[in-house]
Amino acid sequence: MKILVCISKTPDTTAKIAFTDNNTKFAEAGIQFILNPYDEWYALVRAIELKEADPATVLHLINVGGADSDPIIRKALALGGDEAFRVNTNSQDGFYIASQIAEIAKQNNYDLIFTGKETIDYNGSSIGGMVAELLDLPYISLATKFTLDGTTCTVTREIEGGEEVDEVNLPLVVSCQKGMAEQRIPNMRGIMGARTKPLKVSEPVAAETFTSIESFDLPPAKAGVKLIPADQPEELVRLLHEEAKVF
Amino acid sequence: MVLIFLDQSEGKIKKSSFEAASYGAQVAENLGTSAAGIVLGTVNEELADMGKYGLKKVYTVNNEALNNYDDEAYTHVIAEAVKNIDAKVIIFSNNFNGKGIAPRLSVRLKAGLVSGAIALPDLSNGFVVKKNVFSGKAFANVSIKTDIKIISLNANAYKAKEGEGTAEVEALTVEIPQARVKVKEVNKVVGEVPLAEAEIVVSGGRGLKGPENWGIVTDLAKALGAATACSRPVSDSDWRPHHEHVGQTGLAIAPNLYIAIGISGAIQHLAGVNRSKTIVVINKDPEAPFFKAADYGIVGDAFEVVPKITEAVKKLKGI
């Protein structure tokens, strides 16, 4: 079986968000970048588990990004990928990125493509669905559980107001979230081994961009907290009712 | 024409769809066109009433094969409808179903998608939609450059506007493709307020010390008609189910009122809740970072303070 896991580079979850160049660029100075948590904790780890259950499995990684993505790709290889692709572009358009992933996928005929449910920077939740449509594959979004029996997958996903258990045959695309797997830490053997694993860099194929980010804004600062003495909880309820008018 | 996907669950149109309909109607007015809704599957409601939210028309595709969500079938039907009625803007709710359908439809129609929109498109210079980025810590203004445009709207970002009006209901016949995903089981949570849509959320953190103490959270939630939520350590410790986890790696929510009890307010937690209109923090540590992001705060012991708040709410509401 061949699995492709899509991985992104994102700012650390504690990063302070600021912008430069007249609010058109994310201020990267001093920011630590990480593997997007959904890609790492859920998509990649579940794929590694599948490989552990069937050692004949080939596990590829793909990142669409610049050379500054290489450290996070090496980390993913240290966790357990066999080989990685990086398509060398810094595009921020979902369709353009999905087109690059679909191109690599077409060349390699994967049985299974995993993505995280979204990146914690752009929050688009759209790459998985776009890749599925480009490859004419079924798509399971927001999966919380995935099991495989031969070529039949049983997947639990979140839907409006509950969850659904689906059965679908390979090949398919799955976007992964909490529940799929537990976070792992790469061990020394993995880190050493990752240095020599193939990381193939290619230039992007021609594709359209549908959207472009014009500028960023930060939310307005809060006016400051109004503290209510602990022995006057009814005063809080009065303020919520009469001042904030929230109920 | 602006087409709004109206989500239904168990035959009922969802609250988030009233918001999407009102939003879509306003987008249509700003563009000088009209708004229509589309409902897939069997619905037991009077769809003409969607006119109250500004829709001139509601298209229905009343086929049992559409009662269960299937992103391929839904995409196919919506794409056909878009072509039939020449829709130029399509609106989804940015919820679980919207996240499944909108990206597929974007590729199928070669239509640019902005997901997680929080405001009406700015038409002064093209078609620019403000969306959440960095998990609620910032906004991006995204220009859609394609002829057809897709927006998926965040819950509680645009208030549903209920007025007068009746929509014309028209049934469409669309052939449904054979499903590749077989639905084996559907488990809907009944009787609880869905967290993503809730207007009031009461949330508990590690400060509550254990799952056996959650009664004070659920009692207050019940009195307020609120949904319950929790911080990541709480769901990681299995004190509460994973779907209640709000924060950067959990659900991002934007209720009118968020009450945080015993949550210190780590930056990852704030990212998931900082779009709430009013934030109340109850914590015994006056240095808890959450107070900086709060509108109202009580420094005190949650086990003493919260039951008193619940009593005061009940008294006010006469329950």
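**Exercise 1. In which sense do strand 16 and strand 17 of chain B pair, and over how many bridges?**

Bear in mind that this is a predicted model.

Step 1: Find the two elements. Strand 16 of chain B covers residues 278-283, and strand 17 of chain B covers residues 296-299.

Step 2: Read off the pairing. The two strands run in the parallel sense, with 4 bridges between them.

Step 3: Pin it to a residue pair. B:Ile282 sits opposite B:Ile298, which belongs to strand 17 of chain B.

**Exercise 2. Work out which strand of chain A joins strand 17 of chain B, and which residue is the bridge partner of A:Lys226.**

Step 1: Look across to the other chain. Strand 15 of chain A, residues 226-227, is joined to strand 17 of chain B by 2 bridges.

Step 2: Check the direction. This pair is parallel.

Step 3: Name the partner. A:Lys226 is bridged to B:Tyr296 in strand 17 of chain B.

Step 4: Put it together. Strand 17 of chain B pairs with strand 16 of chain B, and it also has bridges to strand 15 of chain A.

**Exercise 3. Is A:Ala18 buried, partly exposed or exposed, and why?**

Step 1: Locate the residue. A:Ala18 lies in a loop of chain A, after strand 2 (9-11) and before strand 3 (19-20).

Step 2: Count its surroundings. A:Ala18 has 17 C-beta neighbours inside 10 Å.

Step 3: Apply the cut-offs. Buried takes 20 or more, exposed takes 12 or fewer, so with 17 neighbours A:Ala18 comes out as partly exposed.

Step 4: Add a long-range relation. A:Asp217 is 199 residues away from A:Ala18 along the chain, yet their C-alpha atoms are 8.9 Å apart.

**Exercise 4. Does the radius of gyration of chain B agree or disagree with a compact globule?**

Step 1: Get the expected value. For 319 residues, a compact globule would come out near 20 Å.

Step 2: Compare. Chain B has 21 Å, which agrees.

Step 3: Add the box. The C-alpha atoms of chain B take up roughly 60 × 45 × 40 Å along the principal axes.

**Exercise 5. Draw up a profile of each chain from its elements, burial and contacts.**

Step 1: Take chain A. You'll find 6 helices and 15 strands, and 49% of its 247 residues are buried. Its C-alpha trace spans about 65 × 45 × 40 Å along the principal axes.

Step 2: Take chain B. Here there are 8 helices and 17 strands, with 58% of the 319 residues buried.

Step 3: Turn to contacts between residues at least 6 apart in sequence. In chain A, 71% of these join residues at least 24 apart; in chain B, that share is 64%.

How values were computed
Residues numbered from 1 in each chain as written. Chains lettered and ligands numbered in written order. Predicted model: local features only at pLDDT ≥ 70, side-chain atom pairs only at ≥ 80, totals over all residues. Contact = placed C-beta atoms within 7 Å. Pairing = 2+ DSSP bridges. Rg over C-alpha atoms; globule rule 2.2 N^0.38 Å.
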